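Visitor: Could you take one part of this structure and go through it slowly with me? I am in my first year, so please explain a term before you use it.

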Amino acid sequence: MSKKYNFIDNKPLGKDLFEGKSQERTSNVVTNIIKENTFQVIGIDGGWGVGKSNLVKIVEDKLNDHIFFIYDVWGHQEDEQRRSLLIAVSYTHLTLPTNRE
């Protein structure tokens, strides 16, 4: 009899599944800061797997009138960083819909 393995997808859901809804509350704060348009940099700090990417996805879903650029530093840790970043930004810019509202 062969075993069946269930692999969990490593993509953010964009939903707060925590009982206390901490990501939803944090996303509301971040969203309001972005809407005030007085920020320069927003940093999200936390350990591996705590939900940083999911938090960004929740905020992105709330701000349809903003363009989000996600760069996976860990995924490019062996690459030349400047080149990888420029390629990723260029690709994102070139694939944006032209009729974005």
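Guide: A helix here is a DSSP run of H or I with at least four residues, and helices are numbered from the N terminus. In this predicted model, Val29 has its place in helix α1, which covers residues 22–36 and also holds Thr31. Val29 is partly exposed, with a relative accessible area of 48%, and together with Ile33, Phe39, Ile42 and Ile44 it makes a nonpolar surface patch of about 370 Å². Thr31, on the other hand, has a relative accessible area of 4% and is therefore buried, since buried means under 20%. Leaving aside neighbours within four places in sequence, Thr31 is in contact with Val59, Lys62 and Leu63.

Two of these contacts, Val59 and Leu63, belong to the largest nonpolar core, which has 5 residues in all and also includes Val30, Ile34 and Leu55. The elements that give two or more residues to this core are α1 and α2, the latter being residues 52–62. Leu55 also touches Gln23, Thr26, Ser27 and Ile44, if residues up to four places away in sequence are not counted.

The remaining contact of Thr31, Lys62, forms a salt bridge with Glu24, and their closest N and O atoms are 2.6 Å apart. This pair links distant parts of the chain, as Lys62 lies in helix α2 and Glu24 in helix α1, 38 residues apart. Lys62 counts as partly exposed at 30% relative accessibility, and Glu24 likewise counts as partly exposed at 30%.

Methods:
Residues numbered from 1 in each chain as written. Predicted model: local features only at pLDDT ≥ 70, side-chain atom pairs only at ≥ 80, totals over all residues. Heavy atoms only, no water. Buried < 20%, exposed > 50% of the residue type's maximum accessible area, 1.4 Å probe, protein only. Contact = heavy atoms within 4.5 Å. Patch = residues over 30% accessible without salt bridge, like charges linked within 9 Å, V, L, I, M, F, W, Y side chains within 5 Å. Areas by Shrake-Rupley, 256 points an atom, 1.4 Å probe, with all protein chains shown as cover. Salt bridge = Lys/Arg side-chain N within 4 Å of Asp/Glu carboxyl O. Core = buried A, V, L, I, M, F, W, Y, C linked by side-chain atoms within 4.5 Å.
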